[in-house]
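Biologist: I want to know what stands behind each label before I use it. Can we take them in turn?

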Amino acid sequence: MVERRSRGEGGLSWNESRQRWIGRVSVGFKRRVVTVSGRTKTEANAKLREVLRDQEDGLPNQSRQYTVADAVEDWLGPKPMIM
């Protein structure tokens, strides 16, 4: 019997139309879903683990462009509210 994955580990499924394995995991506080794909189940699982490892290390997600403004905010922290 196949063991069930723990919460936060993502999931793998076969996409018949694309003939690929698809891995999905929700990351971050806003529950953004990152999707990876691979020709083999092992390849898709490795990519999924890489996304999870990058998330644990605090690296920015590659699903959108990382701008200079994002880097400054990460370095200095959020801007203070001026009233």
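Modeller: Start with Lys47 and Glu43, which both lie in helix 1 (residues 41-57). They are 4 residues apart, about one turn of the helix. Helices here are DSSP runs of H or I with at least four residues, strands are runs of E with at least two, and both are numbered from the N terminus. Bear in mind that this is a predicted model: local features need pLDDT of at least 70, side-chain atom pairs count only at pLDDT 80 or more, and totals for chains, interfaces and linings use all residues. Residues are numbered from 1 along each chain as its sequence is written, and side-chain values use heavy atoms, with hydrogens and water left out.

Biologist: What makes Lys47 and Glu43 a salt bridge?

Modeller: The rule asks for a side-chain nitrogen of Lys or Arg within 4 Å of a carboxyl oxygen of Asp or Glu. Here the N to O distance is 3.7 Å. That is within 4 Å, so the pair counts as a salt bridge. The search of the whole structure finds 1 salt bridge.

Biologist: Why is Lys47 called partly exposed?

Modeller: Buried means under 20% relative accessible area, exposed means over 50%, and partly exposed is in between (1.4 Å probe, protein chains only). Lys47 has 34%, so it is partly exposed. Glu43 has 29%, so Glu43 is partly exposed as well.

Biologist: Asn45 lies in helix 1 too. Is Asn45 buried or exposed?

Modeller: Buried. Its relative accessible area is 18%, which is under 20%, so the label follows. Asn45 touches Arg5 and Leu12, not counting residues up to four places away in sequence. Contact means heavy atoms within 4.5 Å.

Biologist: How do you know that Ser37 is buried?

Modeller: Ser37 has 18% relative accessibility, under the 20% limit, so it counts as buried. Ser37 is found in strand 3. Leaving out residues up to four places away in sequence, it touches Arg18, Arg20, Trp21, Ile22, Ala44 and Lys47.

Biologist: Why is Val33 called partly exposed?

Modeller: Val33 sits in strand 3 (residues 32-38). At 48% it falls between 20% and 50%, so it is partly exposed. Its contacts, outside residues up to four places away in sequence, are Arg24, Val25 and Ser26.

Biologist: Which residues make up the largest nonpolar core?

Modeller: It has 7 residues: Val25, Val27, Val34, Val36, Leu48, Val51 and Leu52. Strand 2 (20-27), strand 3 and helix 1 each supply at least two of them. Helix 1 gives the most, with 3 residues.

Biologist: What makes a set of residues a nonpolar core?

Modeller: The members must be buried Ala, Val, Leu, Ile, Met, Phe, Trp, Tyr or Cys, joined through side-chain atoms within 4.5 Å. In soluble globular proteins, nonpolar side chains tend to be buried together.

Biologist: Which residues make the nonpolar surface patch?

Modeller: Val68, Val72, Trp75 and Leu76 make it, over about 510 Å². Patch members have over 30% relative accessible area and no salt bridge; nonpolar side chains (Val, Leu, Ile, Met, Phe, Trp, Tyr) are joined within 5 Å, and like charges within 9 Å. Areas come from the Shrake-Rupley method with a 1.4 Å probe; for residues, only the protein chains shown count as cover. Val68, in helix 2 (residues 68-76), has 66% relative accessibility, so it passes the 30% limit and also counts as exposed.

Biologist: How many aromatic pairs are there?

Modeller: The count comes to 1 aromatic pair. Trp14 and Trp21 form it, and it is edge-to-face.

Biologist: Why is that pair of Trp14 and Trp21 called edge-to-face?

Modeller: Rings of Phe, Tyr and Trp (its six-membered ring) pair if their centres lie within 6.5 Å; planes under 30 degrees apart count as stacked, over 60 as edge-to-face and the rest as tilted. The centres are 5.5 Å apart and the planes are at 65 degrees, so both conditions are met. Trp14, at 37%, is partly exposed. Trp21, at 22%, is also partly exposed.

Biologist: What makes Gln19 stand out?

Modeller: Gln19 has a positive phi of about 55 degrees although it is not a glycine. Most residues other than glycine have a negative phi. Gln19 lies in the loop between strand 1 (11-15) and strand 2.
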